[in-house]
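Hi everyone, thanks for coming. I'd like to walk you through a structure that's new to most of you, so let me put it up.

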Amino acid sequence: MAIYLDNAATTKPHPAVVKAVADCMSEVYGNPSSLHGIGLQAELLVNAQRKTIAEALGCSAEEILFTSGATESNNLALRGIAAAYGKRKPHIVASAVEHASVNNTLDALEKEGFRVTKVFPDANGQFTAKAFLDTITEDTCLVSMMAVENETGHVLPVSAVFKVLRKRYPHIIRHCDYVQGFMKTAENVELLAADLVSVSAHKIHGPKGIGALYVRKGIRLHPVLTGGKQERGLRPGTEAVPLIAGFGEAVRQRHLKTYEFFKQAERCYDALEKRLCETDGIAVNRFMSGIPYILNFSVEGIRSETMLHFLESKGIYVSSGSACSKGGRSRVLGAYGVPDDRADSAIRVSFSGENTVDEINLLVDAIREGQKQLIHKK
Ligand code: PMP
């Protein structure tokens, strides 16, 4: 049996999600924009899921746009605001630890003439409201800050930073990549104090290829794609109805288990942290505030990929960092001040509520065996 500990990369779809997608494909095959009854059936289904997702985020259904995933949500948020407000206000601020879908979009916008300031964590790996406030200029249009960093599980103080920004600079738009926090932390759009929030279904046992962007009422956003009038003209293209059905079902299923999953992830996290601390040659890459779903550590003297493949040979699946960076040294660990040799041997373990402490014990036994075999071979 596989021991799957790479849930920050993606999760296994819940059986009820698989059923919802399949049922929708065979039964609700209309185009939501069609004017006849079969189209209407699809439209009703899409709008019911929109309501479910809106409730989970604490907003109204009209404020939710469906996208192909958080990469697109992040692109639409950043590029959409840059296009709407950026001519007069071409300055954008973001944390230096954002996911590639934010970071690389900002790099592209910089090449297109925008000014981008990236805020680095302090010596303790923390972000302060002051660090963000210090970057604000008269021409800042947007601040983007993720809620939970996907390689380390670090919880960024989005709510604190955004509330200060809202008070002092209410005209600046605030975007949050909430992918790793959605249905894992008790935030909603109000608590985050965000104008735009990106989420993705496949991190919560939903289907891949579907996500959403919350756009607060009154925020002016330009579409990135040109086409039809779907999603209020902000995201043209026929809605991915079966994936939307799966997204809604994933949220409903997750809702029933939010607390239970959190407690189980916490049990796994605590067990793993304790046993790793008892193991020589392992450093946990931990920062002051973390989520119990992700634990990052370095095994001295063994490159991440080498350990990853050793663990895979034992049927245990972990990650060497963000799945979206596919190898290469982690930019994010560097930003947190993790030295290069430690970053090169970093392993990310990420839990779902379905992992068990027995699995964690097998993981640690395998790591210790790997330390003996792999260091010896060097
Ligand atoms: N942001 C974060 C923090 C993520 O972890 C991910 C997924 N790795 C994304 C954005 C991109 O999500 P998607 O796979 O839905 O495009």
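Let's start with a question: how far is the sulfur of C277 from the closest cysteine sulfur? The closest one belongs to C268, and the separation is 16 Å, which is too far for a bond. Keep in mind as we go that this is a predicted model. C277 is also exposed, with a relative accessible area of 58%. And if you're hunting for disulfides elsewhere, the structure holds zero of them. For contrast, have a look at another cysteine, C24: that one is buried, with a relative accessible area of 2%.

C24 takes us to the helix it sits in. Helix α1 covers residues 15-27, so 13 residues, and from its first C-alpha to its last it reaches 18 Å, close to the 18 Å expected at 1.5 Å a residue. Which residues of α1 are buried? They are V17, A20, V21 and C24. Those four cover an arc of only 95° around the axis, so they end up on the same side of α1. If the spacing in the numbering looks familiar, here's the general background: an α-helix has 3.6 residues a turn, so residues three or four places apart point the same way. Now turn the helix around. The face away from the buried side carries exposed residues, namely P15, K19, S26 and E27. And what do the buried residues of α1 pack against? Their partners are α2, residues 37-57, and α8, residues 241-277.

So on to α2. This helix has 21 residues and reaches 30 Å from first C-alpha to last, again close to the expected value, 30 Å at 1.5 Å a residue. Its buried residues include G39, A42, L45, V46 and Q49, and further along R50, I53, A54 and L57. What they pack against is a long list: α1, β2, α7 (189-192), β7 (196-200), β8 (211-215) and α8. Right after α2 comes G58, with a positive phi, near 75°.

Let's pick up β2 from that list. This strand runs over residues 64-67, and I64 lies in it. Is I64 buried or exposed? Buried, with a relative accessible area of 2%. Setting aside its neighbours within four places in sequence, I64 is in contact with several residues, among them R50, I53, A54 and L57. The contacts of I64 also include A212, L213, Y214 and E231. One more distance while we're here: I64 and L196 are 132 residues apart along the chain, and their C-alpha atoms are separated by 9.7 Å.

Last stop, strand β3, residues 91-95. How many of its five residues are buried? Five, so the strand is mostly covered. H91, V93 and S95 point one way, I92 and A94 point the other way, and all are buried. On the pairing side, β3 meets β4, residues 115-119, in the parallel sense over five bridges. Within that pair, V93 stands opposite T117. β3 also runs parallel to β5, residues 140-144, and four bridges join the two. There, the bridge partner of H91 is T140. Finally, how is β3 linked with β4? Together with helix α4, residues 100-111, they make a right-handed β-α-β unit.

That's my tour, and I'm happy to go back to any part of it.

Definitions and conventions:
Residues are numbered from 1 along each chain as its sequence is written. This is a predicted model: local features need pLDDT of at least 70, side-chain atom pairs count only at pLDDT 80 or more; totals for chains, interfaces and linings use all residues. Side-chain values use heavy atoms; hydrogens and water are left out. A disulfide is a pair of cysteine sulfur atoms within 2.5 Å. Buried means under 20% relative accessible area, exposed over 50%, partly exposed in between (1.4 Å probe, protein chains only). Two strands pair if DSSP finds at least two bridges between them. A crossover is right-handed if, with the strands pointing away from the viewer, the path from the first strand over the helix to the second runs clockwise. The arc is that of the directions from the helix axis to the C-beta atoms. Contact means heavy atoms within 4.5 Å.
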